[in-house]
Amino acid sequence: MTENSTTGRSTIIASQNAITVIGRLAVVGAGLAGLTVAHKLRAAGVEVTLFEKARGPGGRMASTRVGSKSQSAIDIGAQYFTIRNPAFREFLTRQAGTDCWGPWHGRFRYQNTDKQWEMMRPAERYVGIPRMSAITRTLSGGLSVHNGVQVDGLWRSDNGCWVLTDTEGSRHEGFDAVILTAPPAQAIALLRRGDARALAEEEQLQVSRMRACWAVAAYFPEGAGADFEALMPNQSLLDWAANNSSKPGRNGAGEWWVLHGDPDWSDEHTEADPQQVAGELVQELQKVGDITAVPTEIQVHRWLYARARESNRTGHLWHPDHRIAIIGDWLDGGRVEGAFNSADGLVSRLVSEGWVPQRG
Ligand SMILES: Cc1cc2nc3c(=O)[nH]c(=O)nc-3n(C[C@H](O)[C@H](O)[C@H](O)COP(=O)(O)OP(=O)(O)OC[C@H]3O[C@@H](n4cnc5c(N)ncnc54)[C@H](O)[C@@H]3O)c2cc1C
């Protein structure tokens with residue numbers, strides 16, 4: 001039986017099944033959604049273990065080392081985030097402090113529907129300091145995170161607990177519940193392997209696809225000579241360009257710019273040659289941004305699952321009969337704040353329905 005946060009069927013199901021409080025929990029994925037749910041449920045008395053397939057936490061709030069000389073790290077995924085929900089600010093301040101994130105006062109230039117350039121009104125936009133991944137690094141401190149572990153199956157043991165298997169052949173046993181935070185295609189692949197495969201066929205998972213994004217980091221040793229910090233063209237293969245060096249706490253000479261390909265264009269060119277992709281995006285920046293400077297170093301990254309295709313507001317999915325939850329930005333409007341909201345919504349639900357011991 002599938003439930004989402006809007007159906008209100010949960011109370012009936014919970015009362016049909018005897019609720020056993022969740023004592024040990026596995027969280028697959030240590031992006032913002034996974035880290036948020038881990039902190040909040042740990043505070044509520046749950047023993048939480050996170051499994052992350054990458055070498056470190058962060059997910060799409062990713063930064064990557066660039067530059068042979070400058071030793072900078074640039075934000076290759078999420079560029080900035082909003083804080084509209086006061087609970088998000090409260091969570092960040094409490095769990096990450098206030099040193100590793102702060103406002104970015106970049107000037108944003110965008111092209112309107114008539115292809116005229118305008119400046120966006122100043123708004124509150126936040127970034128990690130000195131890099132986006134500083135936030136998730138800080139949040140992961142004190143949590144039990146197994147980095148470099150790709151979970152590949154969920155199995156029920158004889159005592160009803162969940163066993164997670166990974167791609168190295170290891171078994172991780174004894175979990176009362178599992179929370180998946182991977183983008184939908186990866187969550188489906190995981191559910192298909194094991195004793196929860198019926199969940200993979202659920203409508204919510206099938207319809208939510210993600211779009212790709214080519215990301216290019218380009219270094220201009222003398223600066224790019226632009227009078228803006230971010231550029232958002234309209235009807236261009238370039239979706240976004242930003243002077244990463246203008247964000248707070250970024251040191252080093254010259255300017256690193258981050259260019260993101262348009263989602264449709266990126267989807268159509270997922271198998272393109274990275275050097276060619278970089279060349280086309282840099283050329284487009286020079287053309288639409290009126291920039292004559294030439295970059296001397298280039299780094300390219302391909303995101304296969306960057307942003308949600310549909311605007312899904314389900315919030316989270318909770319399957320009480322399986323004790324499996326699915327959360328993530330794609331279930332709450334996309335974006336960084338959506339990842340937090342999705343996790344926060346699930347925690348409130350689990351607490352109010354008595355699945356966890358107490359509110360922390
Ligand atoms: C190019 C790009 C630009 C963006 N720009 C912005 C922006 O400017 N502003 C904004 O608000 N948002 C932006 N976003 C979106 C933002 O990054 C996401 O909304 C947010 O980071 C999602 O967090 P999450 O925890 O839901 O998912 P993720 O960060 O994707 O975390 C999921 C984690 O699960 C791990 N995982 C997956 N499968 C497994 C497995 N089988 N075993 C173990 N681990 C697994 C992954 O490695 C990952 O770390 C951007 C994203 C991209 C890619």
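This passage describes the cysteines and the salt bridges of the structure shown above. The model is a predicted one, in which local features need pLDDT of at least 70 and side-chain atom pairs count only at pLDDT 80 or more, while totals for chains, interfaces and linings use all residues. Residues are numbered from 1 along each chain as its sequence is written, and side-chain values use heavy atoms, with hydrogens and water left out.

The cysteines make a good starting point. A disulfide is a covalent bond between the sulfur atoms of two cysteines; here the term is applied to a pair of cysteine sulfur atoms within 2.5 Å. The structure contains 0 disulfides. Exposure is described by relative accessible area: buried is under 20%, exposed is over 50%, and partly exposed lies in between, using a 1.4 Å probe and protein chains only. On this scale C161 is buried, at 15%, and C213 is also buried, at 10% relative accessibility.

Charged side chains offer a longer story. A salt bridge is counted when a side-chain nitrogen of Lys or Arg lies within 4 Å of a carboxyl oxygen of Asp or Glu, and the whole structure yields 18 of them. To place these contacts, helices (H or I, at least four residues) and strands (E, at least two) are taken as DSSP runs numbered from the N terminus.

One salt bridge joins E47 to R24, with an N to O distance of 3.3 Å. Because E47 belongs to strand β2 (residues 47–52) and R24 to strand β1 (residues 24–28), this pair ties together parts that are 23 residues apart in sequence. Both partners can be placed on the exposure scale: E47 is partly exposed, with a relative accessible area of 45%, and R24 is partly exposed as well, at 27%.

A second example sits within a single helix. E90 and R94 both lie in helix α3 (residues 86–96), 4 residues apart, or about one turn of the helix. Their closest N and O atoms are 3.0 Å apart. E90 is partly exposed, with a relative accessible area of 39%, whereas R94 is exposed, at 57%.

The side chains of D152 and R193 also meet in a salt bridge, at 3.1 Å from N to O. D152 lies in strand β10 (residues 151–156) and R193 in the loop between α5 (184–192) and α6 (203–207), so the contact ties together parts that are 41 residues apart in sequence. R193 is partly exposed, at 41% relative accessibility. Finally, salt bridges link D75, K247 and R250 in a network.
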